[in-house]
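Good morning, and thank you for coming. I should like to take you through one structure today, beginning with the contact between its chains and ending with individual side chains.

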Amino acid sequence: MPARTRHVVTNLSQPGFPAYVRLQFDELRGRWALLAPEKVYWPDDISVAILNRCTGEATVSEIILDLAEEFEAPVEEIGPDVRDFLQEWSDRLVIRCGGRKA
Amino acid sequence: MTQTVGPALGMLAELTHRCPLQCGYCSNPVELLKADRELATEIWLDTFEQAADLGILQVHLSGGEPTLRRDLEDLVAGLAARGVYTNLITAAVTLSRERIGRLAEAGLDHVQISFQGARPETTERIGYYRNAHEKKRQAAGWARDAGLPLTVNAPIHKLNIDEVPEFVDLALELGAQRLEIANVQYYGWAYLNRSALMPGYDAVMRQIDFVEKTREDLTGILNIDFVTPDYYADYPKPCMGGWGADAFVVTPDGKVLPCHAAQSIPSLTFDSVTEKPLKDIWEKSEAFNRYRGFDWMPEPCRSCERRDIDFGGCRCQAFALTGDAAATDPTCTKSPFHGDLRRLPPEQPIRKRVIGREKIDA
């Protein structure tokens, strides 16, 4: 087995969900739930907007551009926040970057 | 007093008390149920439907050894059809590659495998099962081959606390995403065997330092969840996130409990899914409402600034150590019983988990 290393998120990373994580809308509570091993996260609207763009194909740059357009915010303003957010969720192993399989 | 009861989030389904292992700290009650008391497949499936309606998003399929239920695939499929996240909690000594494949196909989301030791001889000695370690390692590999994420669960006590660093190596080697360093909590079997199991203060402090450092070093590589040994804490754990707050347990015969040890409190009676709708039990039953919220709290909990943090701690532990389930958990420095907490009975051999033995003297 290859040694595992921590992924450092860059503009070229392609964040996506591993098979064991699910983002789903909870009808009963009227909000999004992120289901992971032994944990349920309740991401806020902004987090959901980012997480829903984590397709495993789009790069971090593309995600930032897309968000900047949708929320009419400057790229240089939201860029660092989005990268920090993705690094944090990557560190929790809830999102995984690159095309590698689990 | 009426209060709004929110939807439940998590459910622990104890499908059976049967288990190939005989660990002396089993979280099942001391009086174990035989197979003829277990719920039928249809009742479990109906209970899971009701649970999903009630807002349950995660079900932990546990036991005993849940894979001894031949209908486990059907139960997983029923949950998966409702979008419920399924977590299999297994000792993994009786699994085959084919069975794991079928469970994955049925929609299983995650597997947690317990290791009684990080070394083969420890695993065998604690669980009383020959060659258990190798079987577990093999099953972990099959789970990863089936694309399932893996948690290694390490129950920690005096006899394996020195192996904590090796548990980290084991989890990395097996390709686990998550390692649970779970210090044994002392109710039921573990309370009975506490003199043989409770680690000493120095070993616990060494463990805490190691886990904190390693967790930092392995950020983004391995998630380490740490269940602390509350006998050495100053404040209690927020047991179950509060009694009846967002989770419940269903026993092999269908009783619905606020926590897995709740039957150790003799003044409580529990409703069964065979008699009442789950929603009624969750919202209205006396057992759930007895310690829900804050109104039941006596002093010093009632006016404590930490009551929203730890909810007064664990009711079962309060009962076991003080005789009063509403008392402050003695792991809290504010409890008058705190000083007696670490006074142990004379050491005696571990009493093995067995089904059907006549009452065991504590």
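I shall speak about the confidence of the model, then the interface, then the salt bridges, and lastly one residue of chain A.

Please keep in mind that this is a predicted model. Its scores are ipTM 0.90 and pTM 0.94. For chain B the mean pLDDT is 93, and 97% of the residues of that chain reach 70 or more.

Let me turn to the interface. On one side, 33 residues of chain B take part, and they are in contact with 24 residues of chain A. The size of an interface is often given as the accessible area lost when the parts come together. Here the area buried between chain B and chain A is about 2300 Å², and carbon and sulfur atoms give 53% of that area. Within chain B, the residues that lose the most area to chain A are Leu57(B), Tyr85(B) and Ile221(B). Together these three account for 24% of what the chain B side buries.

What polar links join the two chains? Between chain B and chain A there are 13 residue pairs in polar contact, with both residues at pLDDT 80 or more. Several elements of chain B give two or more residues to the side that touches chain A, among them strand E2 (58–62), strand E3 (85–90) and strand E4 (110–114). Helix H6 (164–173) of chain B is also one of these elements, and H6(B) supplies the largest share, 3 residues. By character, the residues on this side of chain B divide into 14 nonpolar, 12 polar and 7 charged.

The count of salt bridges between chain B and chain A is 3. One salt bridge joins the side chains of Asp109(B) and Arg22(A), at 2.7 Å from N to O. There is also a network of salt bridges that links Glu38(A) and Lys39(A) with Arg178(B), Glu180(B) and Asp225(B).

Over all chains, a search of the whole structure finds 34 salt bridges. I have chosen three within chain B.

In the first example, the side chains of Glu166(B) and Arg119(B) meet at 2.8 Å, N to O. This pair links distant parts of the chain, 47 residues apart: Glu166(B) lies in helix H6 of chain B, and Arg119(B) in the loop between E4 and helix H4 (120–127) of chain B. Glu166(B) is partly exposed, with a relative accessible area of 28%, and Arg119(B) is partly exposed at 31%.

The next example is the salt bridge between Lys279(B) and Glu283(B), at 3.0 Å from N to O. These two residues are separated by about one helical turn, because they stand 4 residues apart in helix H10 (residues 278–284) of chain B. Lys279(B) is partly exposed at 46% relative accessibility, and Glu283(B) is partly exposed at 24%.

In the last example, Arg343(B) forms a salt bridge with Asp340(B), their closest N and O atoms being 3.1 Å apart. Arg343(B) has 62% relative accessibility and therefore counts as exposed, whereas Asp340(B), at 39%, counts as partly exposed.

Finally, is Pro15(A) buried or exposed? Pro15(A) counts as buried, because its relative accessibility is 0%. This residue sits in strand E1 (residues 15–16) of chain A. Among the residues that Pro15(A) touches are Cys54(A), Val60(A), Ile63(A), Leu86(A) and Cys97(A). Glu38(A), which I mentioned in the network, is 23 residues from Pro15(A) in sequence and 22 Å away in space, C-alpha to C-alpha.

Key. Residues are numbered from 1 along each chain as its sequence is written. Chains are lettered from A and ligands numbered from 1 in the order in which they are written. Side-chain values use heavy atoms; hydrogens and water are left out. Contact means heavy atoms within 4.5 Å. Buried area is the accessible area (1.4 Å probe) that two parts lose on being put together, summed over both. A salt bridge is a side-chain nitrogen of Lys or Arg within 4 Å of a carboxyl oxygen of Asp or Glu. A polar contact is a pair of N or O atoms within 3.5 Å; within protein, one must be able to donate a hydrogen and the other to accept it, and residues adjacent in sequence count only if both atoms are side-chain atoms. Ala, Val, Leu, Ile, Met, Phe, Trp, Tyr, Cys and Pro count as nonpolar, Asp, Glu, Lys and Arg as charged, and the others, Gly among them, as polar. pLDDT is the predictor's confidence in each residue, from 0 to 100. Buried means under 20% relative accessible area, exposed over 50%, partly exposed in between (1.4 Å probe, protein chains only). Lists of a residue's contacts leave out its neighbours within four places in sequence.
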